[in-house]
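Me: Could you take me through one part of this model closely, strand by strand, with whatever packs on it? A few words on other parts would be welcome afterwards.

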Amino acid sequence: MEFTCLSEGKGFYFPPCYILDICGFRVLFDCPMDLSSLTMFLPVSTDSFTMCNGEITSRSCQKSMDLESNVYKRQKIDKPLDESSLIRSEPRYKIIKNLLLWNVSFIDVVLISSPMGILGLPFLTRNKEFSAKVYATEAAARIGHLMMEDLVTMHKEFRQVYGPEGSGSRQWMKWEELELLPSELKEIALGKDGTELAGWMLLYSAADVKDCIQKIQTLKYAEEAFYNGTLIIKAFASGLEIGTCNWSIICPKGSIAYLSSSVFSSATAMCFDYNSLQRSDVILYTDFTPCNGSNISNDGDNGSATADPNQSIDNVNWEAIADDYQEMEKLDFICSCSMDSVKAGGSVLIPVGRVGIILQLLERIALCLESQNLKVPIYIVSSVAEEMMAFTNVIPEWLSKQRQDRLYSGQPLFNHVELLNDKRIQLFPAIHSLKLLTNWQEPCIVFCPHWSLRLGPVVHLLQRWCRDENSILVMEEGVDASLALLPFSPMKMKVLQCSFLSGIQSQFSRPLLKTLQPRHVLFPEKLRQHIDPSKNLFSSSYYSEGETLNVPNLKENSELDIAVDLASRLQYTTLKQGNINIARLKGELAIEQGKYRLLPGTEQDVSSQIRPVVHLGRINLDALLTELRKIALNITVEETTSADGSYKASLVHVLKPNKATIEITKAQTLISTADKNLASQISETISSILDCF
């Protein structure tokens, strides 16, 4: 088996990407794209269209009229990073450059672990040579589908400003233009090693998204999927978000668990099902959370307990630790700041992209408004807002136990159902919707895309409120805030940047692996400092981005299932050497449901066929000499060895009645003589000391 890390990712919004070569099949784990790279582009302005020479022209076009002038280029190099440094062009979208090095026709299976891991998939599926089988959970596929549709809709605004698809969008990609970019933007465009320019793509179309979704086979948690009869594939809850999962792959060569970013206790998603990953031969550990300083919990921080690294995860006191405890504190803090803002006459803008966080904030903010008797509207502005809200209220099997208990007690899964009925939450498809303009009221609280602050309703609302010191913007870590806010400077609006739990905290890693009991674990090289191999009961190896690692085959023997009617025909013979019973059979070898199976062939019953005798075993030289002397042969023995010691043989010379030579090696026994009768006599003697069946 070979394991290749194509990308280490950048957290929740840009998960890692890998390829695993197992049993002759190539499995791709996730296909994300780096939407944080959009920050190098200038967003569309609310006053994009102005009059120029009596014609409607975009403001961006006016500002770029002298783009080619040497004076402008020199100023661009010399002056500090500001709004004018950003690229004025229809954005391209950055996918994983290492994935482009692979022929897509060689990929057999694609496993999607989260909605974010599906966003780059249409770039592959629109390739005519793509023929892989794609698996994802039902919830991840649906949420990812809505996210891609929303992305395509938001991108149309750039087309309205910059013209038809691709027109002029490559201008900034010319090398002479790239050389003029500030170092911060050049690193985004080219990567640290200067090799990522090829990863920029024009966004896919709505038709590409539809075609992509049709190629996905959706699964429920723990549902088995069989690929080519060789791989058994299952998805198990990871607890990170609604529909996110870890993967289990079972094949004749062993079992592999793909451990993605996971959360033990979630307020919305089904909790981390780690028990289903126990006793895997190999664990692919792909959670980079301990590398992120914001997610490393120190002992005693925030009043939370820590896990004893020497105990199993089953013995951890989750009531004392609970992953979602600190998350609740963060949400309460956001609600408190929001209330302060609206009381001061400001508005609240929340472009967070996590469905679970959005659903919790809706409930908690509405409760705070009610408790403080504040009549402030809550708007959700998105082209898929209605579909997303409806979907999240009909998926109990994907939610946490607390949410499922609400259903059993006759309550809706989430409170937004009641809030929508009471008009306390209002849904709108676009910022320029006539219904929204009619009902608009400030101060207000708005949930809308996109978290990159480069496209969607958030751009227009930021341009409206960025000078209002009473308003507040809630951002999530994962994007460079200083660069993201550059087009809206000077920024008087308050900015609250939060980090939500995105994986397994470092103090839980060892107890988890102690519970899972793997035989071998592949860790990211960046986690080496967090791993103490002397305390592990398993072997381990480390991988880096862009490198291929050989995965040890830890399964010593393969199992073979023999059909009952075929097994009933077996006639065993006890070997003279080793006291072993052995039988001959003939059938068809097949692989079904991840196991080797021997089935009856279509030919005539083997028991009715005359089969040649087969001899096996090593020749005992002393026994052979004894038997040869019994048939009155005059013999001598000679040992011979080649000069380099690579060849050794025993030569038995027959002198009378006729001459013959018997050459005995580990690989074969050769009889040389001109007397056919003598050759037959020697052959029968040798056969008499060997096992035959």
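The reply below starts with a sheet and then turns to other parts.

Reply: Happy to. This is a predicted model, in which local features need pLDDT of at least 70 and side-chain atom pairs count only at pLDDT 80 or more, while totals for chains, interfaces and linings use all residues. Residues are numbered from 1 along each chain as its sequence is written, and side-chain values use heavy atoms, with hydrogens and water left out.

Let's look at the open sheet of six strands, ordered β19-β18-β20-β17-β21-β22 with parallel pairing. Strands are DSSP runs of E with at least two residues, helices are runs of H or I with at least four, and both are numbered from the N terminus; two strands pair if DSSP finds at least two bridges between them. At the edges sit β19 (425–428) and β22 (494–498), each pairing on one side only. From one strand to the next, the twist averages 20°. Angles run from 0 to 180 degrees between N-to-C directions, and axes are lines fitted to C-alpha atoms, for helices over the stretch in contact.

At the β22 edge, five bridges pair this strand with β21 (residues 472–476) in the parallel sense. Here Glu-476 has Cys-498 of β22 as its bridge partner.

Two helices pack on this sheet. Helix α10 (residues 355–371) touches β17 (348–350), β18 (378–381), β19 and β20 (445–447), and its direction makes about 170° with that of β20. Helix α15 (residues 457–465) touches β17, β18, β20 and β21, with its direction at about 155° to that of β17. Contact here means heavy atoms within 4.5 Å.

Elsewhere, helix α4 (residues 138–162) packs with helix α7 (residues 206–214) at about 170°, their axes 10 Å apart. That makes α4 roughly antiparallel to α7, a term for angles over 145 degrees (under 35 is roughly parallel, 65 to 115 roughly perpendicular, the rest oblique). On α4 the contact uses Ala-141, His-145, Met-148, Glu-149 and Val-152; on α7, Ala-206, Val-209 and Ile-213. These divide into six nonpolar, one polar and one charged, where Ala, Val, Leu, Ile, Met, Phe, Trp, Tyr, Cys and Pro count as nonpolar, Asp, Glu, Lys and Arg as charged, and the others, Gly among them, as polar.

Just after α4 comes Gly-163, whose phi is positive, near 95°.
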